[in-house]
Amino acid sequence: AIVLAAGFAVLGIGLVGGGRPAWVAGATLAAGAVLLIAVDALLGPSTHVGESVRGGPGELASDLGDRVTLSWERATSSSWTALVVAGSIAALALLAARLRRLDVPRDSRALLVAFLAAIAVSLVVNDSPGDVAAGGLLGYLVLERFARRPEPVPRGLDWPYPLSRSTST
């Protein structure tokens with residue numbers, strides 16, 4: 001839930017394009033996500049997030065601290081896991097650094113930045129850093145490939161694939 005709130009907030013800021021409207025959009029999206037989390041915690045099934053929220057800010061902060069500690073312990077539990085996490089984070093950092101040079105529209109850039117922000121938050125709050133780092137890297141590469149796609153082909157052209165199965169002439 002925290003990861004989604006962070007990702008949507010960053011996406012809102014990126015889509016609006018900067019300045020006060022961007023921060024208002026980001027804050028609104030984050031507040032909406034937090035509101036949904038709170039409603040789910042109060043009315044939804046019993047989950048660890050719901051229990052933390054119902055416990056108040058102190059319990060929420062304590063649980064978040066426990067998550068950070070657990071994430072670090074799992075990231076460093078073995079040489080292989082540490083290598084996967086560190087390598088994936090290094091690759092994501094390099095991809096993030098070259099993001100400014102990518103020739104992609106603003107909305108695609110905003111989506112890529114939001115995805116990176118969500119991965120960063122997820123690395124801190126989730127207890128599976130190997131999965132988050134490696135899966136996040138793979139997801140980012142797929143998303144970037146999608147963002148860099150050529151503009152859609154006008155209807156009626158068959159490159160690279162037909163847009164419809166109609167055989168009428």
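The side chains of Arg98 and Glu144 form a salt bridge in this predicted model, with a distance of 2.1 Å from N to O. Arg98 sits in the loop between helix H5, residues 79–97, and helix H6, while Glu144 belongs to helix H7. The pair therefore ties together parts of the chain that are 46 residues apart in sequence.

The two partners differ in how much of them can be reached from outside. Glu144 has a relative accessible area of 5%, which means that Glu144 is buried, since the cut-off for buried is under 20%. Arg98 has a relative accessible area of 25% and is therefore partly exposed, a class that runs between the cut-offs for buried and exposed.

Glu144 has another partner as well. Glu144 also forms a salt bridge with Arg148, and here the closest N and O atoms are 3.6 Å apart. Arg148 is partly exposed, at 45% relative accessible area. Arg98, Glu144 and Arg148 are thus joined in a network of salt bridges. In that network, Glu144 is the residue that pairs with Arg98 and with Arg148.

How many salt bridges does the structure hold? The count is three. Besides the two that involve Glu144, there is a salt bridge between the side chains of Arg74 and Asp127, with an N to O distance of 3.6 Å. Arg74 lies in helix H4, which covers residues 57–75. Asp127 lies in the loop between helix H6, residues 106–125, and helix H7, residues 129–147. Because of these positions, the pair ties together parts that are 53 residues apart in sequence. Arg74 is partly exposed, with a relative accessible area of 39%, and Asp127 is partly exposed too, at 21%. The value for Asp127 can be set against the cut-off: buried means under 20%, so 21% counts as partly exposed.

Helix H4 also leads to a feature of another kind. Val68 lies in helix H4, the helix that holds Arg74. Val68 is partly exposed, with a relative accessible area of 37%. Which residues make a nonpolar surface patch together with Val68? They are Ile2, Leu64 and Val124, and the patch has an area of about 290 Å². A residue needs over 30% relative accessible area to be part of a patch, and Val68, at 37%, meets that cut-off.

Technical notes
Residues numbered from 1 in each chain as written. Predicted model: local features only at pLDDT ≥ 70, side-chain atom pairs only at ≥ 80, totals over all residues. Heavy atoms only, no water. Salt bridge = Lys/Arg side-chain N within 4 Å of Asp/Glu carboxyl O. Helix = DSSP H or I, 4+ residues; strand = E, 2+ residues; numbered from the N terminus. Buried < 20%, exposed > 50% of the residue type's maximum accessible area, 1.4 Å probe, protein only. Patch = residues over 30% accessible without salt bridge, like charges linked within 9 Å, V, L, I, M, F, W, Y side chains within 5 Å. Areas by Shrake-Rupley, 256 points an atom, 1.4 Å probe, with all protein chains shown as cover.
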